[in-house]
Every structure is written in C-alpha cells, then in structure tokens.
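Please look over the structure shown here with attention to how polar and nonpolar residues are placed. The briefing is meant to be read with the coordinates open.

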Amino acid sequence: MRYKFICLVAVAMCTVVFGLNVDTRAADITSFTRMFPDLPPVLPPNNASRDLVKKVGEKGGIIDALDRLTDPILSITDPTHSPNNPDNPNMTAGMTFLGQFLDHDITFDPNSLLSTNGNINQTTNVRSPRFDLDSVYGGGPELSPNLYDQSSGFIKLRVESLPGSEEFSRNGAIRFDLPRDPATLTAFLGDRRNDEHVILAQMHVAMLKFHNAVTDLVRADPTHASDSPQEIFTEARRQVRWHYQWIILHEFLPQTIGQERLDNIMQQGLRFYLLKKGSPAQIPIEFSVGAYRFGHSQIRPSYRLNFGRPDRGHNPFFAFLFDDSQDPNDPDPPDLRGGKLAPRRFVDWQTFFNFGDGNFRPNKRIDGKLSSVVLLLPGSRGPAPGLPADGVQSLPSRNLMRHVNFSIPSGQTIARFMGLPVLTPAQLDMLAPFGLEKNTPLWFYILKEAELMESGLRLGPVGARIVGEVFVGLLKADETSYLATQSNWTPVLPSTIAGQFSMRDLLTFAGVVPPL
C-alpha cells in the first residue's frame with residue numbers, strides 16, 4: 001500500500017510537470033520488471049561505468065554516422081552524402097515513427113536521472129502497460145476533459161486546423177494540428193513526448209482524427225441509433241484500439257522481427273517474458289532501456305515533411321530532424337522539432353508509407369550507427385518538448401548510461417542464456433578500446449546483431465525474441481485486447497484489402513492524406 005501511495009504521488013507530479021493526462025487508479029500503476037533477473041550486469045553500476053559508456057556514445061565516436069549535415073535534400077536523395085545511412089528496401093520511413101508512437105503508448109519513466117542508479121521496483125511506469133492508446137485517450141473524458149470536444153453532443157477528441165496551412169498544402173487542403181494552449185503553444189496530450197517532433201505530433205493528430213472518423217461511422221450505424229454518447233464513445237474507442245492492435249500484429253511486428261519469428265511466438269508461447277497470472281503486466285527493463293531502442297538506429301538525418309504548394313511559391317519542405325544550432329525560440333525553425341505552430345509544419349504521409357504512388361521513402365537499416373542529428377539533441381539551450389534539458393545531448397550516450405544505471409546484462413550473456421548464436425569479439429572489435437567487445441551493452445549488441453545477422457533489414461535473434469515476446473505478451477495479458485477477447489476477429493473498417501488493415505488504411509480513413 002505504501003508503494004502504491006508513493007506511485008500515486010509520482011504520477012500526480014508527472015501530471016503537473018509533464019502535462020500528462022493519466023488515470024491514477026492504483027490498479028493501473030506498475031513498476032518495471034526484469035526478464036533476466038539472475039544474470040549479472042554488463043558493468044558495475046557506478047560513475048566510472050557511466051563515464052565509460054558515455055564516451056562510447058559521444059559525438060564523433062564509433063556510433064556517430066558522421067553525416068554531412070549541409071543539405072537536407074542531398075541527405076535523402078544522394079546515397080554518397082550520408083554513406084552510413086543505408087536504405088532498408090523492406091520498410092518505409094514511417095515505421096520508425098510508428099515504433100516511437102507505440103513506445104510512448106506503453107512505457108514512460110519520467111523521474112529516473114542519468115547520473116544515479118535506478119531501482120526497477122521503485123521506478124514508476126506512468127503509461128499503462130497495454131496497447132490501449134492511453135497516450136491518446138488519457139484518463140478518458142472525465143479525468144482528462146481537456147483532450148475532448150463534446151460540443152456536438154458526442155464525445156470526440158480535440159483537434160485543431162493549422163492556420164494558413166492551405167497556402168502550403170497541395171490543392172489548398174486544410175491541415176490539422178494538436179490542440180494547444182494559445183499562449184504557450186503547449187500541446188494538450190495524453191503524453192507530452194508526442195510533440196517531440198513534427199512527424200510524431202502529426203501521427204498523434206492522425207490518431208485523434210481516426211477516433212473521430214470511427215465515431216461518425218458508429219453514429220451512422222442503425223444498430224447504434226439508440227446508444228448514448230458514452231456508449232458510442234466506448235464502441236468507437238474499442239474499434240480504434242482493435243484496428244491499431246491489428247496493425248501491430250500484422251504490419252509492425254512482421255516487418256520488425258520477421259513473420260516466422262512472430263509465428264513461433266504466437267504458436268509456441270512465451271519463453272522468457274513470464275507474466276504472473278492475476279497480476280498486472282509489467283514492462284521488462286531489458287526491453288524498455290535496451291531492446292526496444294533499436295528504432296534510434298532507423299532515424300534518418302532529414303526527411304521530406306511535405307510536398308509544398310509550388311503554385312503558391314512553396315517548395316517541398318525538406319529538413320533535418322533536429323538541428324541544435326537553431327534558435328530554440330524561432331517560431332518556425334528549419335528543423336522538425338516540435339512545440340511550434342506554423343503553416344508549413346504538417347506531414348504528407350505519402351513520403352512515409354506506401355500509397356502506391358511511388359512517393360514513399362525507405363527506412364534506414366538497423367545497424368551500429370546513429371544519424372548525427374541525434375548525437376546533439378536540442379533541449380539544453382531552450383524549450384524543446386520531450387527532449388532532454390540535463391546537458392547529455394547524445395542519444396546513444398543516454399541509452400548506454402541507463403544500461404549501467406539499471407544493471408542490465410550484456411547482450412552476450414542474454415544470448416547464451418537464450419541458447420542463441422553469440423556475436424564474437426572480432427565482430428564487435430570497434431568496442432575493444434573500451435573493453436566491451438566481449439561484454440557488450442544490450443542495446444548496442446542488438447544493433448550489431450541486426451546488422452551482421454540480418455543485413456539491418458530487421459532485428460536479429462535476441463532483439464527479435466525480446467521485442468516479440470513483450471509485444472505479444474502485453475496483448476495477451478490485456479483482457480480488453482482483440483487477441484484476448486476475440487482472437488479470430490478481423491478488421492471491419494474500410495481498407496485496401498478486405499479483412500486487413502494497415503497504416504495506409506488508418507491514415508486514409510482518418511482523412512489526413514489529401515491527394516497530391
């Protein structure tokens with residue numbers, strides 16, 4: 001009881017400091033857990049170890065892709081401009097950000113510091129460990145009223161038109177943005193991290209509009225003619241969640257870990273992520289701090305955010321994801337950081353997912369290099385929603401320091417425990433100057449495993465097993481998911497292929513893909 005009280009206080013503090021909208025019922029509060037509780041840590045949890053791994057991830061070091069950040073267009077169109085950012089022909093650029101959105105739906109530890117050790121039993125996860133879109137719905141209309149628009153008499157999610165966007169959007173289409181405080185531009189979100197950059201913010205907008213479109217469909221269904229607004233909301237939310245979960249199981253996971261590995265987990269069951277019957281699911285620290293951060297390697301230096309409106313003199317908007325040299329107070333900086341309100345800051349999804357028109361761009365392969373834009377994250381010099389302000393600007397350094405803080409086992413130790421092939425010291429010789437080629441932090445090990453065993457096209461055996469088991473385990477443990485409730489269910493919303501549903505279908509049905 002004392003622990004739950006402490007957690008409730010922690011969540012309340014997060015609500016104030018981070019603007020989170022969370023349902024603080026004690027039953028929903030969890031700490032983290034360990035998938036491999038008996039394995040030793042990769043390094044002693046002390047300052048010397050933190051300093052060591054911080055150097056591994058520093059700018060200009062072995063993980064830096066050393067991109068030439070001179071021209072965001074060339075970074076996309078000329079392979080020789082960023083040779084350490086190879087294309088993944090099996091995956092589109094949008095999958096990086098779908099993966100980030102999924103992460104923000106199931107896990108958030110806002111209180112742990114990089115400079116101190118963490119205790120998983122006292123580290124609160126302020127997200128529900130379920131793919132239930134609490135990052136979108138918050139605590140529901142009663143606990144998170146600022147997320148909702150009930151002016152029509154029905155319960156919809158708030159979304160705002162983007163002022164002036166029709167001047168920058170093909171065919172004059174009006175585009176949309178997150179609801180924001182007009183004075184501070186702070187977004188009203190179930191999870192403030194979803195305003196970290198424009199692409200993620202626009203994916204959140206798509207989810208808001210997806211719910212609203214499903215609400216309209218339910219309202220028009222004669223079988224729901226006598227339903228109350230709350231009943232229609234409940235049914236719309238169920239349909240949204242189930243179609244979202246279908247995408248996880250039938251699009252994201254097959255591309256990320258491989259269909260045959262997913263089939264094995266679905267058919268043979270979980271081997272390492274052991275859920276306690278009758279207890280709420282908990283997120284393994286090896287997943288949240290290690291394996292699932294593989295997506296950081298998929299980030300490209302720059303993106304084509306939208307196609308512009310040439311007939312009004314507005315060219316396609318190409319920009320680096322982050323550029324810390326820019327003024328943090330610029331209302332419309334030339335990078336894609338979030339927290340800004342400007343007419344051109346919207347996404348044309350044809351670049352990020354395959355709509356059959358030839359406009360999509362491929363993802364980056366998973367490997368041991370990270371784009372230089374994430375080795376100098378904004379946030380230390382001024383406002384940057386969701387980005388660190390503690391002075392450690394290198395994303396790989398942050399990941400590796402958390403490995404030390406939470407005493408996560410090495411990749412080799414976990415591979416041996418799983419009975420899977422182990423990378424050799426020769427394959428990890430870039431870590432020899434740090435003495436980590438035989439005992440490698442799990443996150444970096446998983447990147448190299450994907451690179452060396454799968455040509456960077458998907459996760460390798462250790463990474464795939466951890467990610468696959470946690471995803472499937474969370475879906476099976478959630479008594480409201482379609483997998484637990486009605487495992488033979490198939491999508492019912494309009495789609496390109498009947499009985500299927502993809503991100504392309506979701507974005508189209510949400511009304512966020514105007515024709516080019």
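The points below, which refer to a predicted model, cover the nonpolar core and two buried polar residues, glutamate 469 and asparagine 405.

**Nonpolar core**
- The largest nonpolar core comprises 133 residues, and the members that touch the most other members are Ile199, Leu253, Trp349, Val467 and Phe471.
- Once residues up to four places away in sequence are set aside, valine 467 touches Leu253, Ile257, Phe287, Ala291, Tyr292, Phe294 and Leu459.

**Glutamate 469**
- Glutamate 469 belongs to helix 14, which spans residues 461-477, and because its relative accessibility is 0%, glutamate 469 counts as buried, the cut-off for that term being under 20%.
- The side chain of glutamate 469 reaches the backbone nitrogen of arginine 271 at 2.9 Å, and Arg271 also appears among the contacts of glutamate 469 beyond four places in sequence, together with Ile265, Leu270, Phe272, Tyr273 and Ala464.
- Arginine 345 lies 124 residues from glutamate 469 along the chain, and the C-alpha atoms of these two residues are separated by 37 Å.

**Asparagine 405**
- Asparagine 405 is found in helix 11, which covers residues 395-405, and with a relative accessible area of 2% asparagine 405 is buried.
- A polar atom of the asparagine 405 side chain lies 3.1 Å from the backbone oxygen of leucine 114.
- Leu114 is also one of the residues that asparagine 405 touches when those up to four places away in sequence are not counted, the others being Arg50, Leu113, Thr116, Asn117 and Gly118.

Conventions
Residues numbered from 1 in each chain as written. Predicted model: local features only at pLDDT ≥ 70, side-chain atom pairs only at ≥ 80, totals over all residues. Heavy atoms only, no water. Core = buried A, V, L, I, M, F, W, Y, C linked by side-chain atoms within 4.5 Å. Buried < 20%, exposed > 50% of the residue type's maximum accessible area, 1.4 Å probe, protein only. Contact = heavy atoms within 4.5 Å. Helix = DSSP H or I, 4+ residues; strand = E, 2+ residues; numbered from the N terminus. Polar contact = N/O pair within 3.5 Å; in protein donor to acceptor, adjacent residues only side chain to side chain.
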